[in-house]
Structure formats: C-alpha cells, structure tokens
Amino acid sequence: MAEESDLEKTEEPTGRRIEQAREKGQIPQSRELGTFTVLIVAAMTLWMMSGWFMDRTLALTRDAFMPDLKHMQEPAMMVSRLAEMFADAFIVFAPLFAVLIVAALLPPFFLNAWVFAPKALVPDLKRMNPLSGLGRMFSWNSLMELTKAILKASLVGVVAFLLISQQLEEIFGLLAEPLETGLAHAGRMILFAFLMLVLTLLIVVAADVPFQLWHYYHKLKMTKDEVKQEMKEMMGDPHVKGRIRSLQMQAARRRMMQAVPRADVIVTNPTHFAVALAYKAGMAAPKVVAKGTGAVALKIREVAAEHAVPTLEAPPLARALFKHADLDKEIPATLYNAVAEVLAYIYQLAQWRQAGGAYPVPPRDLPVPPELVPEAA
C-alpha cells in the first residue's frame, strides 16, 4: 500500500516543475478565452467606428461599381485599378486588423502563459503516431471538448433565437424604410446582435478558464518520490556535497599554512590546540591567521618551527582563542590583556636574540576569563 501511495500524483507541482513545463511550451491555454477576446474586441471596434467603416465602405463600393471609362477601354489598366481598390480596402480595415492582432496576443497574458519555448518548435515524431492520434481523439479531454462545444452551440443558439424573436417586427419593418436608412438600421441591429452573442460567450469563458487552470496544474502534479528526487537534485547529492566540503577544507588549510610564516607567535595547548596570532602596525587588535586541533595543530607547529616563528605554551589561552576567535578576524576584547602579555614576551624574546642579556621569562597565569576556557580535550 505504501508503494502504491508513493506512485500516486498527490503532491502539488513545485515551482521548478512548472518552470520546466513552461520551457517545453506546456502552458495553460483556453481557446474560449482567445475566441472571446478576439470577438469582443472586434465587436467593440465595429461599434465605436461603425460610422467611419460605413462611410468608407460605401465610398469603396461606389468606386468599384462606377469605373472610369478609360479602365474599361484599356484592359492593362484594370490590374492596376484592382490593386488600388485592394490597397484602399486594406487601409479602411487596417485599424480593425491591428486591434484583432493585439487581441489575439492578449489571452496568454491573462493566464500568465506568455512564454517563448524553442523546445516546442522541435519536431516530435511521436505525435505522428496514428495510434497516439486515435488515443487523443477518444480521450477524456476530447470528450470534454466535445461536450463544451455542444453546450456552447446550444447557448449561442438559444440567445440568437431570443434576439430574433424580440426583433422580428423590427426586421420586417426594414422593408418599409428608405434604402440608406434601412441599411444603417440593419447594420445597427446586426452589430447589436453580434455584441450580445459575444457577451453570451462570457459565460463559457467564466467556466472554461478555471477548468483549464485546474486541468493544467492537475497534469503537473507529482508523486512523493518525484518531490523527494527534485529536492535532492536542488540540494545536491550528499556525497558530492561532502566531497566539495572536503576540498574547501583542504583549500582553507593550505591558506592557513601559508599564513603561519607571517605569524608573530603560536599559542599551543601544547599538543591538542595551536593558534597563530599576528599583529602588525595599523591593526586595531591582533588577528588569528591560523588555528587547528590534532593533526592540523601539529602541522601548524611544524611550519612555525621551519620558519622560526616562536611558540608559547598557554593551554587556557589556546583553548579560549580556538573557541571564541574566528579565522582572519580580530581576537575578542576580553582576551586583549592576555594576548598583550604574550606579544610583550615575544618582543622581549626578539630583543634578546638581537642584543643578548637576560633571557625573558615566559608569562604565566595569563588573565584569561574562566568562562571563555572550554574543558580540556
């Protein structure tokens, strides 16, 4: 039972899963929203610019049916005349074409589905499989589309019947009107009916868009194993991460060992801890340039011996520095006094090596706060 539940797609799609789908061109789509947007924009444009379209259409019609005599006498000029008429017609309807192009591009923005996916342009031979095509024809999605088309046609048919029934007398009344008045009246009636039919599709859109969004995200649902695998890929393989951490630690150790020769003193435990301190002119406080325990501490002492860096055994101070001082950072203020005594001894030792005299006494009982000293390892 546990294995079956792991294979069920019960988990919501992650952001990465959605992004991968978008890269493949898999986005939420609603044909009804696209159709409604184009039709409503066309209807509103025709409604607002009906007078402009009517005047220019009548002018084009007059020019078409009243050709110049020279065009009729010279057939070669008919081609150029026809081209002029097509150009004039295109100019008249160019505003409508422009708004329809914009309207066709709007639906993806409404669904946050505007994306350029080159992968979707790659030919997929699997889609040419006849068996797969038959499967799509008789799939649950095709059945839903068929049902939706029947309901949409029924709804539009009922609304069209009601509109014709209400305007039946007005339609027959057009026969008694003068030609120009009747044409204008008929145009307004047709445009009003068209607008009402388009607004009827808003009911279909209101039902289709939520369904398409649900269907899209439902298809992208993931199994628990897929979620775990994705999290593992995002977080990285534990073995790879461990290897990276190991390499990072090795690089950090190499940098520390390179800094040991520039240290002023090595404070030791004497064997378990080693902390290299450096203090140069201009520094606000001494800094820790290297620190370590065990084998790393031993290596620090070896490098210090090779470069004649003095070493001082001060177990409490060494443990406190290792615990509370960060690498390449200044030491805590609470350890200033103890480290100052150590540096004073180092400076005295350097003078003794140059001038001789009495050997400086190493400091004992350094003022290290007890609460900063961890238990001895």
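How many residues does helix H14 have, and what should they span at 1.5 Å a residue? The close-ups below, all taken from a predicted model, begin with that helix.

**View 1. Helix H14, its span and its two sides.** Helix H14 runs over residues 294–306. Its 13 residues should span 18 Å at 1.5 Å a residue, and the end C-alpha atoms are 19 Å apart, which agrees. Val296, Ala297, Ile300, Val303 and Ala304 are the buried residues of H14. These residues cover an arc of only 125° around the axis, which puts them on the same side of H14. Turn to the other side of H14 and you meet Ala295, Ala305 and Glu306, which are exposed. Just after the helix, alanine 308 has a positive phi of about 60°.

**View 2. Helix H2 and its buried face.** Here we look at residues 15–23, which form helix H2. Arg17, Ile18, Ala21 and Arg22 are buried in this helix. Seen down the axis of H2, the buried residues fall within an arc of 140°, so they line one face of the helix. Glycine 25, just after H2, takes a positive phi of about 85°.

**View 3. Valine 342 and its contacts.** Valine 342 belongs to helix H16, which covers residues 336–355. Is this valine buried or exposed? With a relative accessible area of 0%, valine 342 is buried. Leaving aside neighbours within four places in sequence, valine 342 is in contact with Val265, Val267, Leu312, Leu317 and Leu366. For a sense of distance along the chain, isoleucine 266 is 76 residues away from valine 342 in sequence, while their C-alpha atoms are 9.9 Å apart in space.

**View 4. Two aromatic pairs, one tilted and one edge-to-face.** The whole structure holds 5 aromatic pairs. In one of them, the rings of phenylalanine 90 and phenylalanine 97 have centres 6.1 Å apart and planes at 40°, so the pair is tilted. Phenylalanine 90 is exposed, at 52% relative accessible area, and phenylalanine 97 is partly exposed, at 39%. The pair of tyrosine 216 and tyrosine 217 is edge-to-face, with 5.1 Å from centre to centre and 75° between the planes. Tyrosine 216 is buried, its relative accessible area being 6%, whereas tyrosine 217 counts as partly exposed at 34%.

**View 5. A lysine over a phenylalanine ring.** Which residue has its charged end over the ring of phenylalanine 322? That residue is lysine 291, whose charged end sits 5.2 Å from the ring centre.

**View 6. Segments listed as transmembrane region in UniProt.** An unreviewed UniProt entry lists residues 33–54, 90–117 and 188–214 under "transmembrane region". In the model, residues 33–54 are 95% helix and 0% strand, with end C-alpha atoms 29 Å apart. Residues 188–214 are 100% helix and 0% strand, and there the end C-alpha atoms lie 40 Å apart. Phenylalanine 90 and phenylalanine 97, the tilted pair of View 4, have positions that fall in the listed stretch 90–117.

**View 7. The chain as a whole.** To place the close-ups, step back to the protein chain, which has 16 helices and 4 strands. Of its 377 residues, 28% are buried. Among contacts between residues at least 6 apart in sequence, 75% join residues at least 24 apart.

Note on methods. Residues are numbered from 1 along each chain as its sequence is written. This is a predicted model: local features need pLDDT of at least 70, side-chain atom pairs count only at pLDDT 80 or more; totals for chains, interfaces and linings use all residues. Side-chain values use heavy atoms; hydrogens and water are left out. UniProt positions are given in the numbering used here, feature names are shortened, and annotations may be inferred rather than shown by experiment. Buried means under 20% relative accessible area, exposed over 50%, partly exposed in between (1.4 Å probe, protein chains only). Contact means heavy atoms within 4.5 Å. Rings of Phe, Tyr and Trp (its six-membered ring) pair if their centres lie within 6.5 Å; planes under 30 degrees apart count as stacked, over 60 as edge-to-face and the rest as tilted. A charge sits over a ring if NZ of Lys or CZ of Arg is within 6 Å of the ring centre and within 35 degrees of the ring normal. The expected span of a helix is 1.5 Å times one less than its number of residues. The arc is that of the directions from the helix axis to the C-beta atoms.
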